[in-house]
Amino acid sequence: YYWCKIMDINFNLNKQDFNKKLFRYNDLLQDGADPGAIWVDEKDDSKYGGYFYIVTTGGELNDGTKTTGAFSCYKSKDLSSWEKCGAVNGYALQVNATDWPMQDYWAPEYFHEKIEVNGVVKNRYYLYFNALSKQGNSFAEYASISIQESRFSRFYIGIAVSDCPYGPFTLV
């Protein structure tokens with residue numbers, strides 16, 4: 001995997017002990033884990049194409065009272081030089097106070113498609129992820145169980161959408 005070293009996985013690996021035809025060693029370290037990655041071809045998206053984009057677990061943007069962004073986002077043309085590019089102060093996902101997720105935004109994955117809207121072809125990017133929900137109640141569609149009772153009963157799959165590979169993604 002090209003980005004293993006980027007995601008703070010520290011292998012005690014001699015750079016000469018692997019098949020250079022199959023793997024590429026990257027000396028860079030970035031914050032993040034569980035990267036979701038996408039290559040955007042210039043033929044598919046003339047505005048944002050020509051880059052690899054990754055979003056990672058690890059780090060949530062918080063204003064002191066609530067999470068406002070999640071998933072650090074980076075882009076690279078060569079898988080060696082990475083630039084933080086998320087539209088929400090370096091993060092890809094915009095989190096609003098009324099949204100269902102509370103914390104623990106994990107394991108993001110990308111998906112890209114072209115869609116037609118009113119006769120115009122547009123690029124649409126989707127972000128799939130896992131997150132811990134706020135505690136529900138009898139009116140909420142998510143679990144009312146407390147974190148202390150069963151933390152993992154409140155993890156759900158989220159889907160967010162954007163017209164740009166680095167966001168801001170908004171929840172569907």
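The following legends describe close-up views of a predicted model.

The model is predicted, so local features are described where pLDDT is at least 70 and side-chain atom pairs where it is 80 or more, while totals for chains, interfaces and linings use all residues. Residues are numbered from 1 along each chain as its sequence is written, and side-chain values use heavy atoms, with hydrogens and water left out.

**View 1. Confidence along the protein.**
The predictor's confidence in each residue is given as pLDDT, on a scale from 0 to 100. The mean pLDDT of the protein is 81, and 73% of its residues reach 70 or more. Helices (H or I, at least four residues) and strands (E, at least two) are DSSP runs, numbered from the N terminus. Among these elements, E9 has the highest mean pLDDT, 94, and helix H1 (residues 147-150) the lowest, 67. Over residues 1-12 pLDDT stays under 50, and for this stretch the model has 32 contacts beyond four places in sequence; a contact means heavy atoms within 4.5 Å.

**View 2. The open sheet E6-E7-E8-E9.**
In this sheet 4 strands are arranged in the order E6-E7-E8-E9, with antiparallel pairing; two strands pair if DSSP finds at least two bridges between them. Strand E6 (101-117) and strand E9 (170-171) stand at the edges with a single partner strand each, so one side of each has no neighbour in the sheet. E6 and strand E7 (residues 120-133) run antiparallel and are joined by 12 bridges. One of the bridge partners in E7 is leucine 127, which pairs with tyrosine 110.

**View 3. Surroundings of asparagine 130.**
Asparagine 130 has its place in strand E7. Apart from neighbours within four places in sequence, asparagine 130 is in contact with Asp104, Tyr105, Trp106, Phe155, Tyr156 and Ile157. Asparagine 130 and proline 108 are 22 residues apart in sequence, and their C-alpha atoms are 7.2 Å apart in space.

**View 4. Salt bridges at aspartate 163.**
Side chains of opposite charge can pair when their charged atoms come close. A salt bridge is counted when a side-chain nitrogen of Lys or Arg is within 4 Å of a carboxyl oxygen of Asp or Glu, and the structure holds 2 of them. In one, aspartate 163 meets lysine 122 at 3.5 Å, N to O. This pair links distant parts of the chain, since aspartate 163 is in the loop between strand E8 (155-162) and E9 and lysine 122 is in strand E7, 41 residues apart. Aspartate 163 also meets arginine 124 in a salt bridge, at 2.9 Å, N to O. Arginine 124 lies in strand E7 and aspartate 163 in the loop between E8 and E9, so this pair ties together parts that are 39 residues apart in sequence. Lys122, Arg124 and Asp163 are thus linked in a network of salt bridges. Residues count as buried under 20% relative accessible area, exposed over 50% and partly exposed in between (1.4 Å probe, protein chains only). Arginine 124 is buried at 18%, whereas lysine 122 is partly exposed at 29% and aspartate 163 is partly exposed at 39%.

**View 5. Aromatic pairs.**
Rings of Phe, Tyr and Trp (its six-membered ring) pair if their centres lie within 6.5 Å; planes under 30 degrees apart count as stacked, over 60 as edge-to-face and the rest as tilted. The structure holds 12 aromatic pairs. The rings of tyrosine 53 and tyrosine 166 have centres 6.3 Å apart and planes at 35 degrees, so this pair is tilted. Tyrosine 53 is in strand E2 (residues 51-62) and tyrosine 166 in the loop between E8 and E9, 113 residues apart. Tyrosine 53 is buried at 1% relative accessible area, while tyrosine 166 is partly exposed at 22%. The rings of phenylalanine 71 and tyrosine 105, with centres 6.0 Å apart and planes at 90 degrees, form an edge-to-face pair. Phenylalanine 71 and tyrosine 105 are both buried. One aromatic cluster is formed by Phe71, Trp100, Tyr105, Phe129 and Tyr156.

**View 6. Strand E3 and its partners.**
In E3, 10 of the 10 residues are buried, so the strand is largely enclosed by the rest of the structure. E3 runs antiparallel to strand E5 (residues 91-94), to which 3 bridges join it. Glycine 69 stands opposite glutamine 94 in E5. E3 and E4 form a hairpin with 6 residues between them, and leucine 79 in the turn has a positive phi of about 65 degrees.
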